[in-house]
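Trainee: I have a chain open and would like to go through it with you. Can we start with a salt bridge and move on from there?

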Amino acid sequence: MKQSRYVFKAVVATTILWASCVAQVGADEESLGAETFIDLPSTITCIASAPDDDTRVFICERAGVVSILNAKTGVMNDEPYLDISDQITMALGEQGLCRLIFHPNYQENGRLFVYATYPEGDAKGDAILMEFARDGDDPDLTDPDGDRVMVIEQPTPYHQGGFMAFGDDGYLYLATGDGGGGNGGGPRAQNITDGRLLGKILRIDLDADDFPSDSDRDYSIPPGNPFVGIEGDDEIWAYGFRNPWSGSLDPVTGDIYIGDVGRVSWEELSVLVGGGLGGENYGWRCMEGSACTGFNVCTCNDPSLELPIWEYFHDPDPVRCSIIGANVYRGCAMPFLDGHIMTSDMCSDEIWSIDWNPAEGLIDVRDRTAEISGSGAVISSPTAIGHDDRGEIWIGTYQGVVHKIVPQVPVIAESDFDCNGVVDVNDLLVVLGAWGPCDGCRADLDGDHLVTVSELLQVIADWG
């Protein structure tokens, strides 16, 4: 197995891993903790998982490197999965590698997509969606020579956005920022006809090409997009966003949650219920959250505008500045958190779980900061929240540290593969059915890419 090229800090190895793996005194059965795994050279901008891969967690650094963490051993591969640090720019503002996503059929076709800033354009850093291909001989490597899919011309080095998700319809949903500049740089987020596609959620088909003569547009337009055949840019699905940096698509409901970074006063969490109907307007820049900005590029409090499901103020104590994460939990380890949305703030280090659904609205907001820090973990300056293929939540930081959110009181064993709270014959059959070489399957409990007697013994030890 490849060994880590990164050094585990002694304090992490001796304190965090111990403190976060045991139940804390006084912790209840719904208390969260965190495990700390690695310390990377630069800011973490995304944490991603590949479909049907229960072992690998892909960690993106702003500098343009994607590494593989074995989630079961805590060891980082010696060689990067993808290194495009010599191709992209992070010289100014918020530039760099923003996001990574895998094609839904990645295990068969090896296709993956990166959204990053490349050194070109007026701002010396246009946001470009690139396609790359996994190495045919080594699933831990990717060819660094990619192909352009889409170019978003950036007027400034700020507000690239970056949230991406594949919907149940097979289309890619890509959120772009408004391009930055003073007060959002004009009404770009409200402009649906200028072709710049800024401050939007786009929906495109990556399995076809409507523009074969254009090397910067290697995609097709889904026929159900709201502005197809009428005034408006065909790629647009929804609009009125400032800097939709974070988000997630709920695999159960299809809801899309977006963390849209605010300007002066408000950070907001918004939702496209069921993925949206198409054509929704989320209000920036006449509104910041549910507050009027005074910029008359749309009508403030117009009933047609979509308001956030939750927002918070830039309190001076604690100092808040940027919402990070909008990730719905659908994992196994914390059934009490099922369907809740995890989010945080980069400056205050606060972490919240939010209970919301379309029928009841906002049910509860729980500040998880104290209980997580009480578990022995210090999560400072979060910059990315993601999930592994099991749906468990991971957090990356500005300093390059990666954490996994875990229950302080474990209730589900790792060998309980169907997550029903009991290790029984069904879980035994999972191990027997996967026996032998197993690249990324869930039955591989020790992360060695084999299912052997060690997994069988673990099931027996956890029986009941």
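Mentor: Start with Arg 330, which is partly exposed because its relative accessibility is 23%. Keep in mind that this is a predicted model.

Trainee: Which residue does Arg 330 form a salt bridge with?

Mentor: Asp 250, and the closest N and O atoms are 2.9 Å apart. Asp 250 has a relative accessible area of 1%, so it is buried.

Trainee: Where do the two sit in the chain?

Mentor: Arg 330 is in the loop between β22 and β23, and Asp 250 is in the loop between β15 and β16. They are 80 residues apart, so the pair links distant parts of the chain.

Trainee: How many salt bridges does the structure hold?

Mentor: There are 20. One of them pairs Arg 366 with Asp 28, with 3.9 Å between the closest N and O atoms. Arg 366 belongs to strand β25 and Asp 28 to the loop between α1 and β1, so this bridge ties together parts 338 residues apart in sequence.

Trainee: Are those two buried or partly exposed?

Mentor: Partly exposed: Arg 366 is at 24% and Asp 28 at 38%.

Trainee: Which residues are in the network with them?

Mentor: Shared partners join Asp 28, Glu 30, Arg 366, Arg 368 and Glu 371 into one network of salt bridges.

Trainee: What about Glu 131?

Mentor: Glu 131 forms a salt bridge with Arg 111, and their closest N and O atoms are 2.6 Å apart. Glu 131 is in strand β9 and Arg 111 in strand β8, 20 residues apart. Both residues are buried.

Trainee: Changing topic. How many disulfides are there?

Mentor: The count is six. Counting bonded cysteines along the chain, the pattern is 1-2, 3-5, 4-6, 7-9, 8-10, 11-12.

Trainee: Take Cys 332. What is it joined to?

Mentor: To Cys 419, with an S to S distance of 2.1 Å. The torsion about the S-S bond is about -125 degrees, so this disulfide is left-handed. Cys 332 is in the loop between β22 and β23, while Cys 419 is in the loop between β28 and α4, 87 residues apart. Cys 332 is buried at 7%, and Cys 419 is partly exposed at 31%.

Trainee: And the link of Cys 321 and Cys 347, left-handed or right-handed?

Mentor: Right-handed, with 90 degrees about the S-S bond. The S to S distance there is 1.9 Å. Cys 321 is in the loop between β21 and β22 and Cys 347 in the loop between β23 and β24, so the disulfide ties together parts 26 residues apart.

Trainee: What does Ser 322 touch?

Mentor: Leaving out residues up to four places away in sequence, its contacts are Val 261, Glu 267, Tyr 312, Ser 344, Asp 345 and Met 346. Ser 322 is buried at 11%, whereas Cys 321 is partly exposed at 24%.

Trainee: Why is Cys 98 not bonded to Cys 46?

Mentor: The Cys 98 sulfur is 9.1 Å from the one in Cys 46, which is the closest cysteine sulfur, and that is too far for a bond. Cys 98 is buried at 1%.

Trainee: Last thing, the largest nonpolar core. Which members touch the most others?

Mentor: Leu 129, Leu 172, Tyr 257, Leu 269 and Ile 405, out of 57 residues. Apart from that core lies another of 23 residues, including Ile 68 and Leu 100. Tyr 257 is also in contact with Asp 250, the salt-bridge partner of Arg 330.

Definitions and conventions:
Residues numbered from 1 in each chain as written. Predicted model: local features only at pLDDT ≥ 70, side-chain atom pairs only at ≥ 80, totals over all residues. Heavy atoms only, no water. Buried < 20%, exposed > 50% of the residue type's maximum accessible area, 1.4 Å probe, protein only. Contact = heavy atoms within 4.5 Å. Core = buried A, V, L, I, M, F, W, Y, C linked by side-chain atoms within 4.5 Å. Salt bridge = Lys/Arg side-chain N within 4 Å of Asp/Glu carboxyl O. Helix = DSSP H or I, 4+ residues; strand = E, 2+ residues; numbered from the N terminus. Disulfide = S-S within 2.5 Å.
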